[in-house]
Amino acid sequence: MRLSTVILPDRRWSEGGRESWQRAEELGFHTAYTYDHLSWRTFRDGPWFGAIPTLTAAAGVTSRLRLGTLVTSPNFRHPVTLAKELISLDDISGGRVTLGIGAGGSGFDATALLKGGQDPWTPRQRADRFAEFVPLLDRLLTEDVVTSEGEHYSAHEVRNIPGCVQRPRLPFAVAATGPRGMRLAARHGQAWVTTGDPKLYETGTPEQSLAAIGGQIERLGAVCAEAGRDVADLRKVLLTGFTPDRPLESFDAFVDFAGAHAELGIDEIVVHWPIADSMFASDVAVFEKIATEALAQLS
């Protein structure tokens with residue numbers, strides 16, 4: 001089991017931003033991710049910084065901690081420009097980057113670039129773009145020169161030399177619960193990401209959530225089998241904070257939560273860095289004890 005964290009880009013670098021990433025490394029987290037959004041939910045009217053510059057700065061003040069997005073989406077990204085930024089970030093960090101990537105949602109990112117009167121993409125349209133986005137990004141990160149013409153994304157003689165430090169490219173952690181996304185995870189991913197079943201977040205029970213995640217893992221296994229891939233090759237990542245559970249309420253609550261999900265096959269749990277007066281508020285002392293001692297209870 002790995003334990004990782006998400007540090008939202010909601011503070012100036014000089015006002016606590018730097019210290020959070022350094023502290024994440026000190027606490028022994030495997031990876032520190034950040035959200036790749038233009039703005040997000042209740043944080044929309046407050047400070048919010050860009051994911052790639054934040055991770056680049058974090059790379060400069062850490063040395064062991066892996067860094068990543070959770071998740072990047074086509075909502076406002078293009079594979080060509082994203083690939084160039086990722087190769088640069090992978091180089092600056094010395095090969096410590098993981099790209100969490102998903103189809104995107106219907107939040108603020110989905111409308112920020114639209115003209116007045118335009119409708120945001122439907123779930124099917126987002127899935128169509130995602131299905132084209134991921135394979136092209138894969139090529140852009142592994143081939144020196146890429147030309148491709150798709151329905152939504154094109155690249156013409158794009159150079160990405162010298163490529164990633166990590167070979168053949170930096171790893172993809174593909175967020176997906178539907179069959180199309182899971183097929184992309186099976187084909188291109190080094191990890192698969194879930195947040196559980198969103199329908200259970202407010203009205204479900206922890207037992208229902210556990211069963212739903214177990215069902216997702218079973219479906220992932222079937223998709224991998226169809227693709228001729230061993231599902232064991234994919235790491236299974238759970239981003240917490242969106243299920244009925246409250247794993248950060250206490251140390252024992254987290255150990256029980258992690259143990260139950262480990263039995264399902266989850267092998268990386270991601271917890272949100274505490275943010276006071278928000279949905280991610282938690283006791284800092286409990287959070288740090290979980291970071292430093294919880295995994296030992298599972299061995």
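What radius of gyration would a compact globule of 299 residues have, and what is the value for the protein chain? A compact globule with 299 residues would have a radius of gyration near 19 Å, and the protein chain, at 19 Å, agrees with this. The model is predicted. Its C-alpha atoms fill a box of roughly 55 × 45 × 45 Å along the principal axes. The protein chain contains eight helices and ten strands, and eight of the strands form a closed barrel with parallel pairing.

**The barrel**

- The strand order in the closed barrel is E1-E2-E3-E4-E7-E8-E9-E10, and the pairing is parallel. On average, neighbouring strands of this sheet are turned by 25° against each other, direction ignored.
- Within the barrel, strand E7 (residues 172-175) runs parallel to strand E8 (residues 191-194), and three bridges join the two. In this pair, Ala175 of the chain stands opposite Val193 in E8.
- As general background, strands of a sheet pair through backbone hydrogen bonds, in either a parallel or an antiparallel manner.

**Helices on the sheet**

- Helix H1 (residues 17-27) lies across three strands, namely E1 (2-6), E2 (31-34) and E3 (66-72). The direction of H1 makes about 150° with E2.
- Helix H7 (residues 251-264) also packs on the sheet, where it touches E1, strand E9 (235-239) and strand E10 (268-272). The directions of H7 and E10 make an angle of about 145°.

**The antiparallel hairpin**

- Strand E5 (residues 145-149) pairs with E6 in the antiparallel sense, over four bridges. Glu149 stands opposite Ser154 in E6.
- The connection from E5 to E6 is a hairpin through four residues.
- Glu157 is located in strand E6. Although Glu157 is not a glycine, its phi is positive, at about 50°.

**Packing of H5 and H6**

- Helix H5 (residues 179-188) packs with helix H6 (residues 206-226) at an angle of about 60°, and their axes are 9 Å apart. This angle makes H5 oblique to H6, and the crossing of the two is right-handed.
- On the H5 side the contact involves Met182, Arg183 and Ala186; these meet Gln216, Arg219, Leu220, Val223 and Cys224 in H6.
- By class, the residues of the contact of H5 with H6 comprise five nonpolar, one polar and two charged.

**Packing of H6 and H7**

- The axes of H6 and H7 come within 10 Å and cross at roughly 30°. H6 is therefore roughly parallel to H7, since angles under 35 degrees count as roughly parallel. The crossing in which H6 passes H7 is right-handed.
- H6 contributes Leu210, Ile213, Gly214 and Ile217 to the contact, while H7 contributes Ala260, His261 and Leu264.
- The contact of H6 with H7 has five nonpolar and two polar residues, and no charged residues.

**Packing of H7 and H8**

- H7 packs with helix H8 (residues 284-298) at an angle of about 45°, with their axes 9 Å apart. H7 is thus oblique to H8, and H7 passes H8 in a right-handed crossing.
- Phe251, Phe254, Val255, Ala258 and Gly259 are the contacting residues in H7. Their counterparts in H8 are Val286, Lys289, Ile290, Glu293, Ala294, Gln297 and Leu298.
- Eight nonpolar, two polar and two charged residues make up the contact of H7 with H8.

**Cis peptide bonds**

- Leu70 and Val71 are joined by a cis peptide bond with omega of about 0°. Val71 belongs to strand E3, which is one of the strands of the barrel and one of those that H1 lies across.
- A cis peptide bond also runs from Arg167 to Pro168, with omega near 5°. Pro168 is found in the loop between strand E6 (154-159) and E7.

Technical notes:
Residues numbered from 1 in each chain as written. Predicted model: local features only at pLDDT ≥ 70, side-chain atom pairs only at ≥ 80, totals over all residues. Heavy atoms only, no water. Pairing = 2+ DSSP bridges. Axes fitted to C-alpha atoms, helices over the stretch in contact; angles between N-to-C directions. Contact = heavy atoms within 4.5 Å. Parallel < 35°, antiparallel > 145°, perpendicular 65-115°, else oblique. Left-handed = near helix turned anticlockwise from the far one by under 90°. Nonpolar A, V, L, I, M, F, W, Y, C, P; charged D, E, K, R; others polar. Rg over C-alpha atoms; globule rule 2.2 N^0.38 Å.
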